[in-house]
Structure formats: structure tokens, C-alpha cells
Amino acid sequence: MKILGVSLFFFIFLAPFAFVTVQAFTGTYGINYGRIANNLPSPDEVVTLLKAAKIRNVRIYDADQSVLKAFSGTGLEIVVGLPNGNLRDVSADGDHAMSWVQDNVLAYLPDTCIRGIAIGNEVLGGSDQFSGFLLGAVKNVYNAVNKLKLSDVVQITTAHSQAVFANSFPPSSCVFRDNVVQYMKPLLEFFSQIGSPFCLNAYPFLAYMYDPEHIDINYALFLPTVGANDPKTKLHYDNLLDAQIDAAYAALEDAGFKKMEVIVTETGWASHGDENESAATVDNARTYNYNLRKRLAKMKGTPLRPKNVVKAYVFAFFNENLKPGPTSERNFGLFKPDGSISYDIGFPGLKSSSADSLLLSLKTTCYRNRLMSI
């Protein structure tokens with residue numbers, strides 16, 4: 001594909017002044033469409049489910065061709081992923097980054113509404129296998145997007161687990177871990193320049209499982225509770241997710257990035273688990289995800305950032321039967337592999353008799369939806 005030519009002078013001298021902030025999230029609710037399974041509905045059926053549930057924002061963890069083709073013409077807004085295993089090559093070679101963006105993003109625009117690229121997932125805070133490649137990959141992918149004149153359409157991000165924090169309670173005490181700062185600080189500096197948010201995978205489920213003696217499960221499930229107070233800020237928290245988000249804001253402020261927005265890129269609750277995962281029940285999963293929907297529908301911020309409306313992608317669309325790890329890892333889905341609901345939080349299941357006819361009615365364009373959201 002032909003790339004529009006831009007002079008070297010522009011990129012060396014003017015590019016720092018050409019950053020445009022792009023929003024990859026419309027509204028407040030989205031969903032992660034993981035596919036580590038061998039029994040899932042077809043991508044076309046997934047589109048039908050998404051439209052029936054009126055879920056517009058979707059994240060995938062790669063750039064699967066069948067998914068991107070199925071999303072074409074539907075107006076659904078998708079964030080694709082550059083897997084961790086690609087970071088080394090993309091970081092080392094700008095041409096490799098350009099080829100990846102051309103093949104996996106440009107080739108599907110504008111019919112498929114790709115609104116973002118997630119560079120890796122939870123790269124920092126665990127093993128350092130890919131840490132040294134993250135910033136280079138981010139910069140090379142952004143440069144490719146910018147050269148292709150897509151920087152006002154496609155947002156560049158990366159999602160972090162809570163393992164990047166040294167502590168998270170009280171929220172105001174949260175800072176980045178010492179062994180993470182060397183990678184995190186320059187990454188945040190670049191994201192601050194290009195207007196990208198801080199993406200957080202936040203799981204009250206995991207926090208409760210780690211410390212059930214000190215965390216009230218009602219606090220984790222958005223149920224009535226005495227809550228928690230932050231002695232430094234004097235702020236009161238009535239749910240754990242808000243506290244986790246504000247902990248991220250505190251860490252960002254400590255690092256010098258007070259104005260950066262936090263978006264929750266994963267949150268959810270397992271409906272089934274091993275014997276030592278007693279909180280992983282259908283009732284708890286239903287309660288968390290139902291109350292999460294209500295929380296996001298309020299379009300409000302957190303105690304520390306009341307003006308920053310909370311946005312979140314729930315994890316996950318389906319139970320994924322091939323995921324490794326404890327049983328809970330395979331049971332975060334709102335839907336079962338046959339398209340029926342795992343439990344009722346207000347979403348309809350897949351009705352095969354009407355799937356084809358409904359899919360044919362979904363041909364609204366990405367740009368029309370974008371205009372309607374302005």
C-alpha cells in the first residue's frame with residue numbers, strides 16, 4: 001500500500017507540535033473479547049450479541065483477520081492488540097512496526113472502526129522479559145500511525161496490572177514500584193505528549209481473594225457497606241474499584257502526571273473456581289457485573305477525581321476453556337460458548353434463528369457513529 005510522503009524535516013522538527021488527542025472509548029462501558037478457547041461462536045455471531053446487548057466498545061488481544069472482517073460496517077469500535085511476543089521485533093525495527101500497522105490496521109479502515117492499538121498487555125510489574133522493549137514498540141507503532149495520517153483516529157495505549165504499584169491502600173499512598181519506575185516514567189512522558197490515558201486492569205475479585213480477612217466482600221461487590229476512609233485525603237470510598245482507580249491516580253500524581261486519565265481496561269468477577277477460590281460463584285459474579293453496569297451508567301468520577309468519568313471494559317465476553325491457570329481464569333465470561341448468558345445482568349443471549357437477519361441490519365458506518373457521538 002502506498003504511504004503518503006512526508007518530509008524528514010516535518011518529522012524531526014514539527015512532529016513534537018503535531019500530537020492530536022484521540023478518544024478510543026465512546027460512553028463508559030466496553031468488553032474484552034478474548035478467544036483462548038476452541039468452542040466459541042463465530043465472529044459474525046459475536047457481532048450479533050454485541051449489538052443486541054448495545055455494547056459498542058470492544059478490545060481484542062491481537063488483530064485477528066476474521067474478527068476485523070466481521071466487524072466491518074457494523075459501527076462497533078474496536079481496540080486491537082500487539083501481543084507481547086511481537087514487542088522485541090517492533091521495538092527494534094520501525095519498518096517492522098510500519099508493516100504491522102499497514103497489515104493489521106490500515107488494511108481494515110475505514111470500514112472496520114479500529115479506534116486503538118494496545119501495545120502488549122501487563123508487560124511491566126512481573127518478569128522483565130519484555131519490559132525493555134515496551135517503550136520502543138510504543139514509539140515505533142505511534143510513528144507508523146502518525147506517518148499514515150491515522151494519529152487522530154487510532155489511539156496508542158498499553159494496559160498495566162496492579163503489580164506495577166508498591167502499595168494501593170490507602171489510595172493516596174500508592175506509588176509505582178522501584179523496579180518499575182525506570183520503565184514507567186519515560187513511558188508516561190511519551191503518553192503525556194500524545195494524549196494517551198493510563199490503562200489499568202483492576203480486579204476487586206483478586207484483591208478480595210488475596211486478603212478476605214481485611215476486605216469486606218460487600219465493599220468489593222458494590223453492595224452496602226461501611227466502606228473505607230483515606231486518612232490523608234479524608235475521602236470516603238463505598239466500593240473497592242473506585243479505591244483501586246484512585247490509587248492509580250495517586251501514583252500518577254506522585255510520578256508527575258496528575259492530569260493523565262485512568263481507564264479501566266479489564267475488570268470482572270469469576271463465576272466458578274477451585275476449592276480455594278470460594279468467592280468465585282455465580283451469585284458473586286452476577287452481583288459484581290450487574291452493579292458495575294449501574295456504577296458506570298451513572299457517568300460519574302471517583303472521590304479523588306470526581307470530574308473524570310469512570311470508563312471500563314468488563315472482562316470478559318466468554319468463558320475461555322483453554323486458558324491456563326486456576327479454574328477461575330476460565331470462568332470470567334458474561335456469556336457461555338454457545339452464546340447463552342452465564343447469568344442474568346440484563347443482556348440477551350444469542351438467538352440463532354434471528355442472528356443472520358439481525359446481522360444484515362448492522363451496516364452503519366464507523367464515521368456516522370463517530371459524528372453521532374460528537
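Both faces of strand 3 are covered in this predicted model. E77, V79 and G81 lie on one side and are all buried. I78, V80 and L82 lie on the other side and are likewise all buried. In total, 6 of the 6 residues of strand 3 are buried, and the strand is mostly covered. The route into strand 3 starts at strand 2 and passes through helix 3, residues 65-70. This β-α-β crossover is right-handed.

Strand 3 has pairing partners in strand 2 and strand 4. Strand 2 spans residues 57-59, and strand 3 spans residues 77-82. These two strands pair in the parallel sense, over 3 bridges. In this pairing, V58 stands opposite I78. R59 stands opposite V79. Strand 4 comprises residues 113-121 and is joined to strand 3 by 6 bridges. Strands 3 and 4 also run parallel. Here V79 stands opposite G116 of strand 4. V79 thus faces R59 in one pairing and G116 in the other. Strands of a sheet pair through backbone hydrogen bonds, in either a parallel or an antiparallel arrangement.

These pairings belong to a closed barrel. The barrel contains 8 strands, in the order 1-2-3-4-5-6-9-10. Its pairing is parallel. From one strand to the next, the twist averages 25°. Helix 10 packs on the sheet. Its contacts include strand 6 (198-201) and strand 9 (262-267). The direction of helix 10 makes about 135° with that of strand 9.

The nonpolar interior was examined next. The largest nonpolar core holds 109 residues. Within this core, I117 and F198 touch the most other members. Helix 10, residues 240-255, supplies the largest share of the core, with 11 residues. Another core, of 6 residues, lies apart from the largest one. Its members include A24, F25, A118 and I263.

The surroundings of F198 were then listed, leaving aside neighbours within four places in sequence. F198 is in contact with H160, F165, F176, M184 and L188. A248 and L252 are also among its contacts. Further contacts are made with M260, E261, V262 and I263. I263 therefore appears in two settings: it touches F198, and it is a member of the separate core of 6 residues, a set joined through side-chain atoms within 4.5 Å.

Conventions:
Residues are numbered from 1 along each chain as its sequence is written. This is a predicted model: local features need pLDDT of at least 70, side-chain atom pairs count only at pLDDT 80 or more; totals for chains, interfaces and linings use all residues. Side-chain values use heavy atoms; hydrogens and water are left out. Buried means under 20% relative accessible area, exposed over 50%, partly exposed in between (1.4 Å probe, protein chains only). Helices (H or I, at least four residues) and strands (E, at least two) are DSSP runs, numbered from the N terminus. Contact means heavy atoms within 4.5 Å. Two strands pair if DSSP finds at least two bridges between them. Axes are lines fitted to C-alpha atoms, for helices over the stretch in contact, and angles run from 0 to 180 degrees between N-to-C directions. A crossover is right-handed if, with the strands pointing away from the viewer, the path from the first strand over the helix to the second runs clockwise.
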